[in-house]
Amino acid sequence: MPETRPVYLPPDPLTPERDITHHHFRPGEHVVILKGAAGGELWGDAMKVVADSWHTPTDEDGWRLLDPNGGDRSYITAHPRYLVHLSKRCPECLMHQKALREYLVKRLGDDDEAVDCSWYSLTALNQLVHVADARPGR
Ligand SMILES: [Zn+2]
């Protein structure tokens with residue numbers, strides 16, 4: 001899809017600051033990895049928590065996730081602080097979403113077009129890495 005309009009991509013100062021433990025999540029739960037905004041709302045990839053998995057980029061406990069739209073990279077491993085509960089009953093995740101939404105909408109406006117802020121990348125071993133956790137040579 002051609003994209004000629006220059007888009008300012010704000011950094012993500014909020015996710016690296018999250019204090020979310022590994023056991024905040026459980027296998028079978030539905031989560032979202034927030035990657036940007038669309039139409040004044042947060043935008044991201046919905047996934048299902050599958051099992052414990054070591055997150056090598058941070059050397060911490062992570063979660064293996066099933067990405068239903070991931071194609072041949074359907075299973076990825078992510079750090080708990082990248083995940084947000086899709087259920088509206090989790091106050092911690094709701095608070096984070098609210099802060100991130102206010103931060104992003106202020107910077108990106110409420111344009112309908114989805115903007116991926118490019119905060120995440122996937123390693124050759126299907127480990128999802130936030131730009132704040134990416135270290136050269138890993
Ligand atoms: Zn939560």
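**A walk through one predicted chain**

Let's start with overall size. The protein chain has 138 residues, and a compact globule of that length would have a radius of gyration near 14 Å. The chain has 15 Å, which agrees. Keep in mind that this is a predicted model. Along the principal axes, the C-alpha atoms fill a box of roughly 40 × 35 × 25 Å.

Now the parts list. How many helices and strands does the chain have? There is one helix, and there are eight strands. In sequence order the pattern reads β-β-β-β-β-α-β-β-β. So much for the order; next, the contacts. Take contacts between residues at least 6 apart in sequence: 55% of them join residues at least 24 apart.

On to the strand pairs. β1 and β2 run antiparallel, joined by eight bridges. One pairing to find on screen is His 30, whose bridge partner in β2 is Lys 48. The two strands form a hairpin, with two residues between them. Look at Gly 39 in that turn: its phi is positive, about 60°.

β2 also pairs with β3. This pairing is antiparallel too, and it runs over seven bridges. Here Ala 51 stands opposite Arg 64 in β3. This hairpin has four residues between its strands.

That brings us to a backbone detail. Most residues other than glycine have a negative phi. Which residue in the hairpin of β2 and β3 takes a positive phi? Asp 59 does, at about 55°, and Asp 59 is not a glycine. You will find Asp 59 in the loop between β2 and β3. Is Asp 59 buried or exposed? Asp 59 counts as exposed, because it has 9 C-beta neighbours inside 10 Å, and the cut-off for exposed is 12 or fewer.

Asn 126 is another case. Its phi is positive as well, near 60°, and again the residue is not glycine. Asn 126 sits in the loop between β7, residues 120-122, and β8. With 18 C-beta neighbours inside 10 Å, Asn 126 counts as partly exposed.

Now let's go inside. Buried residues make up 28% of the 138 residues in the chain. In soluble globular proteins, nonpolar side chains tend to be buried together. In this model, the largest nonpolar core has 24 residues. Which of them touch the most other members? They are Val 31, Ile 33, Trp 63, Leu 65, Ala 78, Leu 83 and Leu 128. Several elements give two or more residues to this core, including β1 (30-38), β2 (41-55), β3 (60-66) and the helix α1 (91-108). β4 (75-78), β5 (83-85) and β8 (128-130) do so as well.

Zoom in on Leu 83. Set aside its neighbours within four places in sequence. Leu 83 is then in contact with Phe 25, Val 31, Ile 33, Trp 63 and Ala 78.

One last stop: Leu 14. This residue lies in the segment before β1. Is Leu 14 buried? Not by the cut-off, which is 20 or more other C-beta atoms within 10 Å. Leu 14 has 16, so it is partly exposed. What does Leu 14 touch, beyond its neighbours within four places in sequence? It is in contact with His 96, Ala 99, Leu 100 and Tyr 103. For a sense of distance, take Gly 36. Leu 14 and Gly 36 are 22 residues apart in sequence, and 13 Å apart in space, C-alpha to C-alpha.

That's the tour.

Note on methods. Residues are numbered from 1 along each chain as its sequence is written. This is a predicted model: local features need pLDDT of at least 70, side-chain atom pairs count only at pLDDT 80 or more; totals for chains, interfaces and linings use all residues. A nonpolar core is a set of buried Ala, Val, Leu, Ile, Met, Phe, Trp, Tyr and Cys residues joined through C-beta atoms within 7 Å. Two residues are in contact if their C-beta atoms, placed from the backbone, lie within 7 Å. The radius of gyration is taken over C-alpha atoms; the globule rule is 2.2 Å times the number of residues to the power 0.38. Two strands pair if DSSP finds at least two bridges between them.
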